[in-house]
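Me: I am new to this structure. Please walk me through some of the labels used for it, and give the reasoning each time.

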Amino acid sequence: MQNELDKSSLSDEQLLREYYSRYGGYWECPGLLDFCYLVNPYFTRSKIIDEMQANFRVLVTEYPAGMAVNSRLASQCWNVRPEYILPGNGAAELIKALMDTLEGSIGIVRPTFEEYPNRLAPERVVTFVPQHPMFRYDADDLIAYFTEHSVDTLLLINPDNPSGNFIPMEGVHRLAAWCEERGIRFVLDESFVDFSVGFAENTFLANTLLERYPHLCVIKSISKSYGIPGLRLGILCSADTGLVARLKKEVSIWNINSFAEFFMQIYPKYREDYTQACRQFIQTREDFEAQLREIPFIRVMPSQANYFFLEVLPPYRPKQLCALLLRKYNILASACLAKKGIAPDRYMRIAVRNHGDNEKLIQAFRELAQ
């Protein structure tokens, strides 16, 4: 890792790529405020972490259980039948396994989380780019576009990453029904849905809904929603038991470590803590958005997730601004260098952290606006 003195010898893009290419491990960077990666800032204040810490020595010296046990634990945590759920070593493992299994073309919305299309040959990807200046779109837009441009699988990240666009439940139901009628596999990524207003009613993680739409496959990053990326935990759910069974054979026998297993074992005791953390987060996001809208060189796009997509206005550009934040304030934000479907060097994404950290970013923006 480049030390503080090395920052001045690198171009803006070189500096950013040096940090982005790590994909984590930022505890090696003293004092760095990470507004790039996306996690719940409040649930880890729960006593669930104290209980895990108290069992550290046992967990680090014991093998985890296999898939059958961990599927039952995941089932109890997210109220989905064991045969419908697959826990993974983060959502990334499940995305890879699913993309390797799917055949034919896949419809996506860009800009997006590129882990999905990166797993496929470019000619298999059919891309819809919203024409709205803030990248807004709804179920009707997707149905119209993919009626004309047929696909075998449709991917919806809801709320979307990085735009923060959110389709309410009624619209997602229409999309799921439309896919069902046409035999289209519908992949719904709910990694950020618990940050949406009314989150408890916005999920398709329910046996009745999975059974209503057997072509539906729901993926959820537990790392992001619950603020535990170091545990590497995600889930995939579908009433297509044949698909779930095939995917369970694709992952390794010990794909979940002991810490992630123990988290699932004790989580039901802390369910109310999680609900309160999500409610607290939504208020924090609203306060942060109000402050961001006062900064003259950014345009803030509405978000129901734990990040904001920003259009950077003169006198700054995203690479310049993100490098300046890193050099001067030790703040890491995403300049969206690898995002497709957007004009280059025009947009950036920032995470929503706790009030104190958010205030530090706001103060940096205010100084740069002078």
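Reply: Gladly. Bear in mind that the model is predicted. Start with Glu 28 and Arg 22, whose closest N and O atoms are 3.6 Å apart.

Me: Why is the contact of Glu 28 with Arg 22 called a salt bridge?

Reply: The cut-off is 4 Å between a side-chain nitrogen of Lys or Arg and a carboxyl oxygen of Asp or Glu. Arg 22 and Glu 28 come to 3.6 Å, so the pair qualifies as a salt bridge.

Me: What makes Arg 22 partly exposed?

Reply: Its relative accessible area is 24%. Buried means under 20% and exposed means over 50%, so Arg 22 falls in between.

Me: How many salt bridges does a search of the whole structure find?

Reply: The search finds 20. One of them joins the side chains of Arg 327 and Asp 12, at 3.0 Å from N to O. That value is within 4 Å, so the label fits.

Me: How do you know that Arg 327 and Asp 12 link distant parts of the chain?

Reply: Look at their positions. Arg 327 sits in helix 13, residues 318-329. Asp 12 belongs to helix 1, residues 12-20. The two are 315 residues apart.

Me: Are Arg 327 and Asp 12 buried, exposed or partly exposed?

Reply: Arg 327 has a relative accessible area of 28%. Asp 12 has a relative accessibility of 28%. Neither value is under 20% or over 50%, so each residue counts as partly exposed.

Me: What makes Glu 359 and Arg 366 a salt bridge?

Reply: Their closest N and O atoms are 3.4 Å apart. The limit is 4 Å, so they pass. Glu 359 is partly exposed at 32%, and Arg 366 is partly exposed at 32%. Elsewhere, salt bridges that share partners join Glu 13, Arg 17 and Lys 319 into one network.

Me: Now the strands. Why are strand 9 and strand 12 called edge strands?

Reply: Three strands form an open antiparallel sheet in the order 9-10-12. Strand 9 (298-300) and strand 12 (347-351) each pair on one side only. The twist averages 35° from one strand to the next.

Me: How do you know that strand 9 and strand 10 pair?

Reply: Pairing needs at least two bridges. Three bridges join strand 9 to strand 10 (residues 307-312), so they pair. The two run antiparallel. Ile 298 stands opposite Val 312 in strand 10.

Me: Which helix lies across strand 10 and strand 12?

Reply: Helix 13 does, running at about 35° to strand 12. Helix 13 also holds Arg 327.

Key: Residues are numbered from 1 along each chain as its sequence is written. This is a predicted model: local features need pLDDT of at least 70, side-chain atom pairs count only at pLDDT 80 or more; totals for chains, interfaces and linings use all residues. Side-chain values use heavy atoms; hydrogens and water are left out. Helices (H or I, at least four residues) and strands (E, at least two) are DSSP runs, numbered from the N terminus. Buried means under 20% relative accessible area, exposed over 50%, partly exposed in between (1.4 Å probe, protein chains only). Axes are lines fitted to C-alpha atoms, for helices over the stretch in contact, and angles run from 0 to 180 degrees between N-to-C directions. Contact means heavy atoms within 4.5 Å.
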